[in-house]
Amino acid sequence: MGAVLGMSDSDPKDVRSWSGPINNLAEDERRSLVDSMSADTRPRIAIAEALRNRWFEIWYQPKIDLKRKCLAGAEALARIRHPHLGVLLPGSFLPDVDEESVAELAQHALVATLCDWSMFEEAGFNLHLAINVPVGVLLKLPIPKLVAEYRPKSARWPGLIVEVTEDQIVRDIALAHDIANQLQVSGIKIAIDDFGAGYSSFSSLRDLPFAELKVDRSFVMGCSTDATNAAICQTAIDLAHRFGSAAVAEGIETQADLQALMVMGCDFGQGVLIAPPMPKERFLELLRQRMNKPRAASPKEAMQAGGKPVGRVA
Ligand code: G
Ligand code: MN
């Protein structure tokens with residue numbers, strides 16, 4: 001991976017890699033950065049068994065503000081660390097699973113992210129954290145009660161983002177609307193996940209209060225060269241802005257795609273080019289490293305001082 005975000009001394013706008021090469025990753029952690037296992041060879045693990053044995057870990061994938069060139073938040077992603085099979089991605093524990101088990105896992109992720117926020121804040125970062133929860137599970141969980149019990153007490157807490165996939169939202173838009181309104185009271189905002197893959201008609205989203213539109217990675221990949229994908233990304237970004245929401249590109253893997261998305265006016269970006277999902281401890285370590293670096297001068301300040309332009313630290 002390339003230079004650390006904003007630390008390139010040749011181009012202050014370089015956002016190629018926030019994480020830089022991630023050292024200290026065990027071999028199985030490195031292999032699990034993106035889901036490359038085929039559906040037939042994946043081991044299958046029951047969620048209840050993994051929860052009982054405390055095999056679940058919440059990993060974090062940094063989300064970068066592409067305009068301010070700094071870390072904006074992180075998406076929480078569930079992983080199993082199996083004693084014999086190593087680190088497993090959701091393909092090994094989510095397909096065909098009953099809603100009760102998904103609810104238990106979602107509750108675990110909700111409580112973990114509410115608790116972890118304070119740890120990241122102590123490291124000097126006020127982050128917008130996001131979790132992934134299906135609509136059915138949002139209805140089952142006592143979310144206001146859980147948030148009231150576990151939310152950070154700090155007045156600086158910006159709330160939590162819940163990512164709901166577009167196909168689930170458009171299946172019952174009135175229900176999604178009710179849920180979004182109810183959750184707002186608890187400081188929870190909705191992001192529309194995997195946007196573009198759900199074939200919604202734009203008008204169905206008209207009245208839904210959502211904070212983010214997350215453009216599905218199948219359209220992000222190759223958006224610098226594929227005219228169709230570029231058109232879809234641009235349309236989604238413009239649509240988000242017209243609704244007063246932010247556009248997030250998921251799964252950015254190449255410098256060319258990142259550049260194209262920045263030209264299109266995309267607000268936030270995630271993807272292995274910038275930073276892969278990583279265990280909480282690695283994420284915290286990177287946050288602390290950034291805080292301990294002397295704050296870099298703005299490009300303008302650096303130019304005035306006669307030095308090379310440097311970017312933001314975080
Ligand atoms: O559905 P959702 O958008 O929440 O998917 C998140 C998943 O995408 C995670 O499991 C994560 O491992 C994977 N992911 C994150 N960044 C990338 C990327 O740059 N490329 C690919 N192929 N997958 C990614
Ligand atoms: Mn997501």
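Student: What makes up the shell around ligand 1 by class?

Tutor: The shell around ligand 1 holds 7 nonpolar, 7 charged and 4 polar residues, where Asp, Glu, Lys and Arg count as charged, Ala, Val, Leu, Ile, Met, Phe, Trp, Tyr, Cys and Pro as nonpolar, and the others, Gly among them, as polar. This is a predicted model, in which local features need pLDDT of at least 70 and side-chain atom pairs pLDDT 80 or more, while totals for chains, interfaces and linings use all residues. Side-chain values use heavy atoms without hydrogens or water, residues are numbered from 1 along each chain, and chains are lettered from A and ligands numbered from 1, as written.

Student: Which side chains make polar contacts with an oxygen atom of ligand 1?

Tutor: A polar contact is a pair of N or O atoms within 3.5 Å; a polar side-chain atom of R217 lies 2.8 Å from a ligand oxygen, while N132 and D194 each have one at 3.3 Å, so these three pairs qualify.

Student: What makes E75, N132, E163 and D193 donors of the manganese ion (ligand 2)?

Tutor: Donors are N, O or S atoms within 2.8 Å of the metal (3.2 Å for Na, K and Ca), and the coordinating atoms lie at 2.0 to 2.4 Å, so they meet the cut-off, although the site may look incomplete because water is not among the atoms.

Student: Why does the pair E75 and E163 tie together separate parts?

Tutor: E75 lies in strand 2 and E163 in strand 5 (residues 160-165), so the pair joins parts 88 residues apart in sequence; strands here are DSSP E runs of at least two residues, numbered from the N terminus.

Definitions and conventions. A polar contact is a pair of N or O atoms within 3.5 Å; within protein, one must be able to donate a hydrogen and the other to accept it, and residues adjacent in sequence count only if both atoms are side-chain atoms. Helices (H or I, at least four residues) and strands (E, at least two) are DSSP runs, numbered from the N terminus.
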